[in-house]
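User: I am new to this structure. Please take a close look at the spaces in the protein, with enough about the chain around them to follow along.

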Amino acid sequence: LMLDFHYSDTWADPAKQWTPIDWENLSDEQLYQKIYDYTKETLETLKSQGIVPAFIQPGNEISYGMLWGKLGSAESSLKKVYMNNNANWDRFGKLLSQAIKACREVCPEAKIVIHTERTAQLDVEKYFYDKMKEMIDYDIIGLSYYPYFHGKINVLDSSLSMLEANYPEKNIMIVETGYSYAWEVPGTDKPVDYPYTSAGQNQFATALVNTLEKH
């Protein structure tokens, strides 16, 4: 079982990391405590029902940080993290560290996954995990890979090779993937190698497994 904390009232992804409404007026110091308390309470509640995750993701596709502030607010850009820009990384690191602290305390056997989706942007991906190496105690690099967003399978292959070379102490997991069996996914623009059919979906799954087995 993997538990994925989104820390938002909406689905959280690179474009949507809005602070929950109940937390909007908290200061950063209060947020550091709140993310710890919420994570701990959630895990303790699950554990009391006999549910203990083997893997925990503190945040979903957090390449640009999380808990940006009020939904759609202009000041949210002031809380994002970017490559080659030191702003906000300390804040982001404290938020993650507090969430992970709760995970380690309640579920010490669980592996902590840090999840990004910059699989096609090796420079951004490397910058992010370099920062994680400086700041965060975690176990697994988690990636999203969708061929119609990220590119053909060789893109994933290159990403895995880069990560293996730079972070040999970490395991790597594909935590999000998929391929349509019936239609082109709206808003995508990458050429793909497989038809949008059940057979094409199977071809993608086979190519994905074959690539992972190489690594």
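Analyst: What follows goes from the whole chain to the pocket, the cavity and one residue of a helix.

This is a predicted model, in which local features need pLDDT of at least 70 and side-chain atom pairs count only at pLDDT 80 or more, while totals for chains, interfaces and linings use all residues. Residues are numbered from 1 along each chain as its sequence is written, and side-chain values use heavy atoms, with hydrogens and water left out.

The chain holds 6 helices and 5 strands, in the order β-α-β-α-β-α-β-α-α-β-α along the sequence. Helices here are DSSP runs of H or I with at least four residues, strands are runs of E with at least two, and both are numbered from the N terminus. Of the 215 residues, 46% are buried, meaning under 20% relative accessible area with a 1.4 Å probe and protein chains only; exposed is over 50%, and partly exposed lies in between.

Now the spaces. On a 1 Å grid over the protein atoms alone, a cavity is a set of points where a 1.4 Å probe fits but cannot get out; a pocket is an open set with protein on both sides within 12 Å along at least five of seven lines, and lining residues have an atom within 4 Å of a point. Grid points are joined across faces, edges and corners, and a volume is the space filled by probe spheres set on the points.

The largest pocket has a volume of about 180 Å³. Its lining includes Glu61, Arg118, Tyr146, His150 and Lys190, and divides into 3 nonpolar, 4 polar and 4 charged residues. In this count Ala, Val, Leu, Ile, Met, Phe, Trp, Tyr, Cys and Pro are nonpolar, Asp, Glu, Lys and Arg are charged, and the others, Gly among them, are polar.

There is 1 cavity of 30 Å³ or more. The largest cavity encloses about 40 Å³, and its lining has 8 nonpolar residues, 1 polar and no charged. Among the lining residues are Ser63, Tyr82, Trp89, Val124 and Phe128. Helix α3, residues 122-135, gives the most to this lining, with 3 residues.

Leu122 also lies in helix α3. Its relative accessibility is 32%, so Leu122 counts as partly exposed. Beyond its neighbours within four places in sequence, Leu122 is in contact with Ser158, Ser159 and Met162, where contact means heavy atoms within 4.5 Å. Leu122 and Val155 are 33 residues apart in sequence, with 9.4 Å between their C-alpha atoms.
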